[in-house]
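Student: I would like to go through this model with you, one element at a time. Where should we begin?

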Amino acid sequence: MSNLENRLLAALPELRGKLKSGASLADLTWFRVGGPAEILYSPADEADLAYFLKKTPADVPVTVVGLGSNLLVRDGGIAGVVIRLGRGFGDIKIEDGSRLRVGAAVPDVKVARAAADAGIAGLSFYRGIPGGVGGALRMNGGAHGRETKEVVIEARAVDRKGEIHVLPVAELHYDYRHCAAPEDLIFTEALFQGEPGEPAKILAEMEDIAAYREQAQPIKSRTGGSTFKNPPGNKAWQLIDAAGCRGLMVGNAKVSDMHCNFLINEGNATGADLEQLGETVRARVKETSGVELEWEIKRLGVPD
Ligand SMILES: Cc1cc2nc3c(=O)[nH]c(=O)nc-3n(C[C@H](O)[C@H](O)[C@H](O)COP(=O)(O)OP(=O)(O)OC[C@H]3O[C@@H](n4cnc5c(N)ncnc54)[C@H](O)[C@@H]3O)c2cc1C
């Protein structure tokens, strides 16, 4: 047991969730790279999470991860506590007025399915996003012409001091793939608003989305989705292609041949390979087009 785990156990006698020292983060991310979490904490429920945050000494760094579909973890891992929400945050409730109240650990695809089954239209775009609700809230996840900010009414969250907040969408301060709500907030639940729809029609829409993804994106690869945000008035993939980066490799990391804004771990790439490849792409795009690409993928932790 690590020193930090001992320290936390002493400070948190009523903790119900699980702590694990040195847990692999590569196992929890789509890229399958990166070092361990000093401690991985799986809260039992929101009350347990709030207790943890309240009682954990302020000098202990806390990082939250979702389903790891937008994360590049560096090879030295993440110091302090990494929080990953699980079963205690997995409820889906249908409410009056075409609304869904959903726990932050629920995968987006399940939101789309539950909405379709309940005859709620407007959420089918989540069929194509492989993250969870917490990640969708933080990233303003979007696809096929819609984004989270258009369908979320409010979010529940716990801050670093263990206080619970209910934030209406205006307080989430959304922008393209960005949420300017305080960084210490850990989202626990979202309330989504849809509109009445025909289940069969919504399911057909979802099938179209799945079919489109299958032929346009390397969704079965070890990837983090779109690496860079689309700069205003431009498509990142076009700039990357024009800079001659399609298929470019660093170690075992490759710019996808299928969709060149996706980076792929071809087998045994390291976090450093992927990050260096991304930085090389940024430098070449800057050289050829003058545009500075901004990372959409979140890079966490320290180099080896
Ligand atoms: C094949 C593929 C296709 C993709 N297509 C799309 C797409 O079409 N549109 C799109 O928007 N994205 C897409 N993505 C990126 C990714 O799926 C989204 O960004 C998604 O919303 C991330 O959710 P996650 O649960 O995986 O979060 P993670 O990747 O684990 O984390 C992402 C960020 O969210 C934060 N976070 C996670 N959970 C919480 C929480 N409970 N509270 C507070 N912060 C939290 C993390 O700290 C991190 O900053 C794609 C990714 C892949 C691999």
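Tutor: Begin with a cut-off: a residue counts as buried under 20% relative accessible area, as exposed over 50%, and as partly exposed in between. Keep in mind that this is a predicted model.

Student: Is Lys 149 buried, exposed or partly exposed?

Tutor: The relative accessible area of Lys 149 is 37%. Values between 20% and 50% fall in the middle class, so Lys 149 is partly exposed.

Student: Which residue meets Lys 149 in a salt bridge, and what is the N to O distance?

Tutor: The partner is Glu 147, which counts as buried at 16% relative accessibility. A salt bridge requires a side-chain nitrogen of Lys or Arg within 4 Å of a carboxyl oxygen of Asp or Glu. The side chains of Glu 147 and Lys 149 meet that condition, N to O, at 3.9 Å.

Student: Which residue forms a salt bridge with Lys 229, and how many residues apart in sequence are the parts that the pair ties together?

Tutor: Lys 229 forms a salt bridge with Glu 294, with 3.3 Å between the closest N and O atoms. Lys 229 is buried, with a relative accessible area of 11%, whereas Glu 294 is partly exposed at 48%. Lys 229 lies in the loop between S17 and helix H7 (236-242), and Glu 294 in the loop between H8 and strand S21 (298-300), so the parts tied together are apart in sequence by 65 residues.

Student: How many salt bridges does the structure hold, and which residues are linked in a network?

Tutor: The structure holds 19 salt bridges. One of the pairs is Arg 101 with Glu 95, whose closest N and O atoms are 2.6 Å apart. The residues linked in a network of salt bridges are Arg 74, Glu 275, Glu 279, Arg 282, Glu 292 and Arg 299.

Student: Turning to the nonpolar interior, which element supplies the largest share of the largest nonpolar core?

Tutor: That core has 33 residues, and Leu 100, Tyr 126, Leu 172 and Phe 192 have the most contacts inside it. Elements that each supply at least two residues include strand S7 (99-103), helix H3 (108-117), strand S15 (186-193) and helix H6 (199-216). The largest share, five residues, comes from H3.

Student: How many residues does the other core have?

Tutor: Another core lies apart from the largest one. Among its residues are Val 255, Leu 274, Val 281 and Val 291, and its size is 24 residues.

Student: In the open sheet with the order S17-S20-S19-S18, which strands are at the edge?

Tutor: This sheet of four strands has antiparallel pairing. S17 pairs with strand S20 (residues 262-265) over three bridges, and Ser 226 stands opposite Phe 262 in S20. Pairing on one side only marks the edge strands, which are S17 (222-226) and S18 (249-250).

Student: Which helix lies across S18, S19 and S20?

Tutor: The helix runs at about 30° to strand S19 (253-255). Its residues are 271-289, and its name is H8.

Student: In the sheet with the order S1-S2-S5-S3, what is the bridge partner of Val 65?

Tutor: The pairing in this open sheet is mixed. S3 and strand S5 (residues 78-84) pair in the parallel sense over four bridges. In S5, the bridge partner of Val 65 is Arg 84.

Technical notes:
Residues numbered from 1 in each chain as written. Predicted model: local features only at pLDDT ≥ 70, side-chain atom pairs only at ≥ 80, totals over all residues. Heavy atoms only, no water. Core = buried A, V, L, I, M, F, W, Y, C linked by side-chain atoms within 4.5 Å. Buried < 20%, exposed > 50% of the residue type's maximum accessible area, 1.4 Å probe, protein only. Pairing = 2+ DSSP bridges. Contact = heavy atoms within 4.5 Å. Axes fitted to C-alpha atoms, helices over the stretch in contact; angles between N-to-C directions.
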